[in-house]
Amino acid sequence: MYEKVFSNETLKIFTDLISVPSPTGREELVAEKIRGYADSWGYKSEQDYAGNVVVRVKGNGKSNRLTMTASHMDEIGLVVTGIEKDGRLRVHKLGGMLPWKIGERPVEILTDKGDTITGVVSFGAGHSQVGKTEVNWEDVRITTGLKPEKLKEKGVRVGSVAVPARDFRGPTVFGDEDDPMIGACNYDNRMGCAFQLSILKAMKDDGTVPNCDWIFAFPKQEEVKGNGIKPLALREKPDVLFTIDGGPIFPGSDVTFDGGCVVTTKDKLADYSFDVILAIQKAAKAVDQELQYCVTDVAYTDASLALQSGGPMRIGCFGYTADNAHGYELMKYSMLKQFFDLFYSLVKTFSP
């Protein structure tokens, strides 16, 4: 029924990227996949000492300024804060995870030996929760079925991290056959990584060359205050840095599924550069698209984090429209083509 959905190049790459865990600080498996894609298309990917992945594209020389687009590799999850006598793990959020967003589900716990073990998030017996109006991290445990000594032997300790198990990540396709919904964990921001990779493939296939030197960056640890993008931007010093991320449907905002791609104009940390916003508008006009705009005081991006650190001179942020941020996120199938077309148009038209 939904064959056309699963034949989409970006979604195929995304589905592969979410097949491996990538909690913030443990992005090595998805970094390997990203480098594998880029190298297979004839690029020479790099990974710096911090663990960030970059792919450099030489421009045609019309502009001598450097542009960087960035989509972070890490996902939110859980971090082990204690191990109880029966082996149950006390946990807290890693990044912006909320306990009711992850729910009671199987998770993969990354070990010090480079593999994973399975556990199940538990809030305890429902009978004991009657009358409660909220769930706190103090209520959350991961049950592994293993005693503390066995956990130690397998490489699980305080500080180990966990993410939803692969079978629960998606994608799930449902709804209107003409323009179905696609649900999955980790749009934020494995979907941004998939878009960057599909753009790189299209550039190689089409022979597209941007107007300036361009770095496609895949930073680590955005979910913990940009510990990847800050040193990366300071080293590379891009003149313009675009964040490629989800355009969330915040309560009270004007952003809707039926609107266009989302441009962030102001977030918790920074105002985005006016001339860069105009450049996104120009790219949208070239592919006959209308944009939606977002102002938020509850979120930040790699671009605004990097600006605070003194890396880029100017910043922008545009993204694919999505709902259920930091949970089982949702987007429309039509957004896959819409955002790809906008992003590719920017690569072709932007001249800083």
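1. Let's start with the eight-stranded sheet. It is an open sheet with its strands in the order E1-E2-E12-E3-E13-E16-E14-E15, and the pairing is mixed. Keep in mind as you look around that this is a predicted model. Which strands stand at the edges? They are E1 (46-47) and E15 (292-295); each has a single partner strand, so one side of each is left without a neighbour in the sheet.

2. A quick reminder before you look at pairs of strands: strands of a sheet pair through backbone hydrogen bonds, either parallel or antiparallel. For a parallel example, go to E3 (residues 67-70) and E13 (residues 240-248), which are joined by four bridges. If you want one bridge to click on, Thr69 has Phe242 in E13 as its partner.

3. Now add the helices that sit on this sheet. H6 packs on it and touches E2 (53-57), E3, E12 (214-218), E13 and E16 (314-322). The direction of H6 makes about 145° with that of E12. Helix H9 (residues 302-309) lies across E13 and E16, and runs at about 145° to E13.

4. There is also an open sheet of three strands, in the order E10-E11-E17, with antiparallel pairing. Here E10 (172-174) and E17 (329-332) stand at the edges, and because each has a single partner strand, one side of each is left without a neighbour in the sheet. From one strand to the next, the twist averages 25°.

5. Look at one pair in that three-stranded sheet: E10 and E11 (residues 181-184) are antiparallel and pair over three bridges. How do you find one of them? Pick Val173, then look in E11 for its bridge partner, Ile182.

6. Helices lie across this sheet too. H6 (residues 187-206) turns up again here, lying across E11 and E17 and running at about 40° to E17. H10 (residues 333-349) also lies across E11 and E17, but runs at about 75° to E17. So don't forget H6 when you draw either sheet: H6 lies across E11 and E17, and H6 also packs on the eight-stranded sheet.

7. For a helix-on-helix contact, try H2 (residues 9-17) and H3 (residues 28-40). Their axes come within 10 Å and cross at roughly 145°. H2 brings Ile13, Asp16 and Leu17 to the contact, while H3 brings Val30, Lys33, Ile34 and Tyr37. Sorted by class, that gives five nonpolar and two charged residues, with no polar ones.

8. How many cavities of 30 Å³ or more does the structure hold? The count is one. The largest cavity has about 150 Å³ of space. It is lined by 14 residues, and Ile76, Met97, Asn186, His326 and Gly327 are the closest to its centre. The lining divides into six nonpolar, three polar and five charged residues.

9. Last stop, the largest pocket, with about 730 Å³ of space. Of its 31 lining residues, the closest to the centre are Pro248, Phe250, Ala299, Ala325 and His326. You have met His326 already, among the residues closest to the centre of the largest cavity.

10. Which strand gives the most to the lining of the largest pocket? That is E13, with four residues. E13 and E16 each supply at least two residues of this lining. By class, the pocket lining has 12 nonpolar, nine polar and 10 charged residues.

Definitions and conventions:
Residues are numbered from 1 along each chain as its sequence is written. This is a predicted model: local features need pLDDT of at least 70, side-chain atom pairs count only at pLDDT 80 or more; totals for chains, interfaces and linings use all residues. Side-chain values use heavy atoms; hydrogens and water are left out. Axes are lines fitted to C-alpha atoms, for helices over the stretch in contact, and angles run from 0 to 180 degrees between N-to-C directions. Contact means heavy atoms within 4.5 Å. Ala, Val, Leu, Ile, Met, Phe, Trp, Tyr, Cys and Pro count as nonpolar, Asp, Glu, Lys and Arg as charged, and the others, Gly among them, as polar. Two strands pair if DSSP finds at least two bridges between them. On a 1 Å grid over the protein atoms alone, a cavity is a set of points where a 1.4 Å probe fits but cannot get out, and a pocket is an open set with protein on both sides within 12 Å along at least five of seven lines; lining residues have an atom within 4 Å of a point. Grid points are joined across faces, edges and corners, and a volume is the space filled by probe spheres set on the points.
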